[in-house]
Amino acid sequence: MPADLDEMFAGLARTADVVPVTGPAVARRNGDRRRRGRYAVGAAAAAVLLVLAGAGVATRRHDPPRPVLPATTVRGLTPIGTPLRVHGPAGENMFSAIAVRGDRVTLASGDLNGGGLKVIGVDGRTGAQVWDAGTTASFETNGPIAVPGAVLVADGPRLRVLDPGTGAELWETTDPANGDVVVGDGVLARVTVDGLTEAFALSTGRKLWSAPASGNDRPRHSTGFLDEGNVRNVHVSDDRLAQITLGGRVLVRDLRTGKIRTSVATTVRPRMMTDFSASGDLALIGDRSGYTDKPSRLVGADLTAGTTKVLHAIETGTLGVSAPCGPQRVCLASNDGTTADGNLNPATLKMIDTATGRVLWTVTPADAVFDISTRAGRVFAGRGLGSGVLYSADGRDLARVDGAFLGRTQGWIDDENVLAMAQTGTGRSLIAISAADGRQTTLGTLSDVVGGCAWTSEILACRDGVELKLWRFER
Amino acid sequence: MFYRDTSRRLLRYAYGLTGDPGEAQDLVQEAYARAWQRWRQVSAYEDPEAWLRLVVNRLSTDRWRRLFVRRNHAAAQPPPPAAPPPSEDLVVLVRAMRALPARHRQALALHYLLDRSIAEIAAETGVSIGTVKSWLSRGRAGLAATLDPDPSEGARRAR
C-alpha cells in the first residue's frame, strides 16, 4: 500500500492517463449539431451585418507625422498590395491564425465548425499569395509557427515542416505532446514528455543525434535562448538547447551535436508548474511551491560561471512570470506575502540585478502580469487580453493600454515602439506607443471583427473581417 | 490542437472526480461538445481549459445531466475502447474519493492530479484561499478516515 496521498494520486493519474480519449470528431459533431440549432435563425442576419460592416470600414491613414517625434517612432501604416479574402465562412465561425517572419506571411484559416485549415504563404513585400500548402487534416488553434528557415504546422499528431519560400513540405515528425520543440541554427530538437531528446536537420529531417534519458536525468522542461514570442511548446534558439532535468541539473547542449556544453547543478526539483527560460548566459527557474503559505523562489543559473543564485525568495505568496530584462537584469511578477486573513498581497513587478540580487525598482500594477518583455531596458508588462503597461528603464509608468481582445494584439515592434489595440465606437484602432515617452499614435482602424495580428519590425498583418491585410510600418 | 493539448489532463481530472473511466470519457466528450458549441466565447476566456473543468465538474455532480449524457453518447457512438483494470490502491482511493463532498473531491483532484496551487484553485472555484485550504484539509481527513480507520495510521498516510 502506498505510504502517502501523493503516491496514491500519482497512481490514479497514471491509470487515468491510459484511459483512451476518444478523438475530437464526436465532440465537434455534437457541438456543431447544437450550434446549428441555436444559430440557424441568426446566421443570415449576422452575415448581412458583417457584409455591411466590411463595406463601411476601411483602414485609414492618420495625421502626418509630428516633427517632435524621433525618427525611429512609428508614425503610420502603408498598405501593402490588395487585401486577400480569407478562407472560411464569414462571421463568427471564421478562424484564422497568422505568422510572420522576414518577408513571408503565413496564414492558416478555415471554419471553426470543422475541417482543417487552409495554409497559404503571402509575400510580405507585395501582399500577393505565393503558395498554397493545401488544407490540414486537423484543426489547430495556434495556426502556423514561423521559425527561422521553416514554417511549422501542427496537424493532429504530425508536426509538418514547410519551406517558407515554396510551401512545400520538407519533412514531418511526430508532435511531442506535452513535450518541447526547440529550433535554432538549422536544427529542430524535439523532447518528448518521457525525456527522449532527438535532433533533426531542419531542412531535410535527417536525424543528427539523440539523447535518451531516464530517472533524474530526464529533462522536465526544454527551451531556447531567444524570446521570439514562443507559440505552443515551440521555442526559438541560437545554437543551444537548454534543459532542466528532474534532478534539477541545468544542461546546455549544442543543438548541432547534442554535446553538453554546460551543466549546472541546482537544488530545484522541477514540476509541471516550474518556469524555465534561458537567455544569454542565464537560465531562470521559477521554483514554485504551489502553496501560498509556503516558500517559492526565483533561481538564476549562471551558465558561464556554473553557479546559481536565489534572485528572489518569498516565504508566502505567489511567484509569477519572470524574464530577462537586459544585461544582468531580471524582471519578476509576484505577490509577496499574504495578509493576515490569508489573501495575497497586491501583485508587484520588480527589476532585479542578477549579479547582486538587489531589487532595483518595484511597481504595483493594477492587475496580475501574465507576460514580461523588454527592449533597451524598458519593460512591457502584459496583463492579458490586450491590456498592458509600459515602464521606463527606471520603473516609471510610461503608458497604459486597456483592451479586451483575444489573441496577440500587443507587443514590441522594435526597440522604440510598442503595438497595441484599443476599442473604438465602431471597431478597433491600431496604436503605436513610443517607448521613449509613452506617446500614443493611432495608426489605423480595423473593424470589430478581427482575427488577430502578427508583425515584424517592418510589416504588420491582420485579419480584418474576412480579409487579410498587410501594411508596412512607416517611421 | 487545443483538444490534443488539454484532453488528457481533462480526462485525468474527470477520472479523479468520478473514479469511473467510462464516465470520465463521457464527461470529457460532453465538455468538449459544449466548448465546440460556443467556441468563440470559450476561446476568448483567459483559460478555456478551466472552463472545461467547470463543465466537467458540474456534470459530475448533476446526476440527471450525467444520465442524459450517457444515454446520448450510448446512442450516438460505439462504446469506447476498454480501459485497463484498476489496481487495488486505485479502487481504495476511488472509493474514498466518492465518499467525499463534491467540493472536497474537486479541490483534491485539482491539487493532486493537475498540480494546481491553492491560489489557482481559489481563482478557479471563486472562493477564498482559506476555503480551499479547508476543502483540502477536510478532504484529506475524509480520505484518511476511509483509507485507514486507524487514526494514527491514517494521519501518516494522508499527509
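**Strand pairing in chain A and helix packing in chain B**

In the predicted model, strand β11 (residues 187–191) of chain A is joined by 5 bridges to strand β12 (residues 197–201) of chain A, the two running antiparallel. Within this pair, A:Leu188 has A:Phe200 of β12(A) as its bridge partner. The two strands form a hairpin in which 5 residues separate β11(A) from β12(A). The turn of this hairpin contains A:Gly195, for which phi is positive at about 105 degrees.

Strand β12(A) also pairs with strand β13 (residues 207–211) of chain A, again in the antiparallel sense, over 4 bridges. Here A:Glu198 is placed opposite A:Ser210 of β13(A). A hairpin is formed by β12(A) and β13(A) as well, with 5 residues between the strands. Its turn includes A:Gly205, which has a positive phi of about 85 degrees.

A further hairpin of chain A is built from strand β4 (residues 114–123) and strand β5 (residues 129–135), which pair in the antiparallel sense over 4 bridges. The residue A:Ile120 is bridged to A:Asp132 in β5(A). Between β4(A) and β5(A) lie 5 residues, and the turn holds A:Gly127, with a positive phi of about 80 degrees.

Chain A also contains an open sheet of 4 strands, ordered β6-β7-β8-β9 and paired in the antiparallel manner. The edges of this sheet are occupied by β6 (145–147) and β9 (169–174) of chain A; each has a single partner strand, so one side of each is left without a neighbour in the sheet. From one strand to the next, the twist averages 25 degrees. Within the sheet order, β7 is followed by β8. Strand β7 (residues 150–155) of chain A and strand β8 (residues 158–162) of chain A are connected by 5 bridges in the antiparallel sense. In this pairing, A:Ala154 faces A:Leu159 of β8(A) across the two strands. In a regular strand, side chains point alternately to one face of the sheet and to the other.

Farther along chain A, A:Ser429 belongs to strand β34 (residues 427–434). This residue has 18 C-beta neighbours inside 10 Å and therefore counts as partly exposed, since the buried class begins at 20 such neighbours and the exposed class ends at 12. When residues up to four places away in sequence are set aside, A:Ser429 touches A:Met421, A:Ala422, A:Thr424, A:Thr442 and A:Thr445. Of these contacts, that with A:Thr442 spans 13 residues in sequence, and the C-alpha atoms of A:Ser429 and A:Thr442 are 6.6 Å apart.

Over its full length, chain A comprises 2 helices and 38 strands. Of its 475 residues, 45% are buried. Among contacts in chain A with a separation of 6 or more, 42% involve residues 24 or more positions apart.

Chain B comprises 10 helices and 0 strands, and its sequence accordingly reads as the pattern α-α-α-α-α-α-α-α-α-α. Buried residues account for 44% of the 159 residues of chain B. For contacts in chain B with a separation of 6 or more, residues 24 or more positions apart contribute 57%.

Two packed helices are described by the angle between their axes together with the distance between those axes. For helix α1 (residues 2–18) and helix α2 (residues 21–37) of chain B, the angle is about 135 degrees and the axes are 8 Å apart. The two helices are therefore oblique to each other, and α1(B) passes α2(B) in a right-handed crossing. On the side of α1(B), the contact is made by B:Tyr3, B:Ser7, B:Leu10, B:Leu11, B:Ala14, B:Tyr15 and B:Thr18. On the side of α2(B), the contributing residues are B:Pro21, B:Glu23, B:Ala24, B:Gln25, B:Leu27, B:Val28, B:Ala31 and B:Tyr32. Classified by residue type, this contact contains 11 nonpolar, 3 polar and 1 charged residues. An α-helix has 3.6 residues a turn, so residues three or four places apart point the same way.

Helix α8 (residues 118–125) of chain B is largely enclosed by the rest of the structure, because 6 of its 8 residues are buried. The buried residues of α8(B) are B:Ile118, B:Ala119, B:Glu120, B:Ile121, B:Ala122 and B:Glu124. After α8(B) comes B:Gly126, which has a positive phi near 75 degrees.

Technical notes
Residues are numbered from 1 along each chain as its sequence is written. Chains are lettered from A and ligands numbered from 1 in the order in which they are written. This is a predicted model: local features need pLDDT of at least 70, side-chain atom pairs count only at pLDDT 80 or more; totals for chains, interfaces and linings use all residues. Axes are lines fitted to C-alpha atoms, for helices over the stretch in contact, and angles run from 0 to 180 degrees between N-to-C directions. Angles under 35 degrees count as roughly parallel, over 145 as roughly antiparallel, 65 to 115 as roughly perpendicular and the rest as oblique. A crossing is left-handed if the near helix is turned anticlockwise from the far one by less than a right angle, and right-handed if clockwise. Two residues are in contact if their C-beta atoms, placed from the backbone, lie within 7 Å. Ala, Val, Leu, Ile, Met, Phe, Trp, Tyr, Cys and Pro count as nonpolar, Asp, Glu, Lys and Arg as charged, and the others, Gly among them, as polar. Two strands pair if DSSP finds at least two bridges between them.
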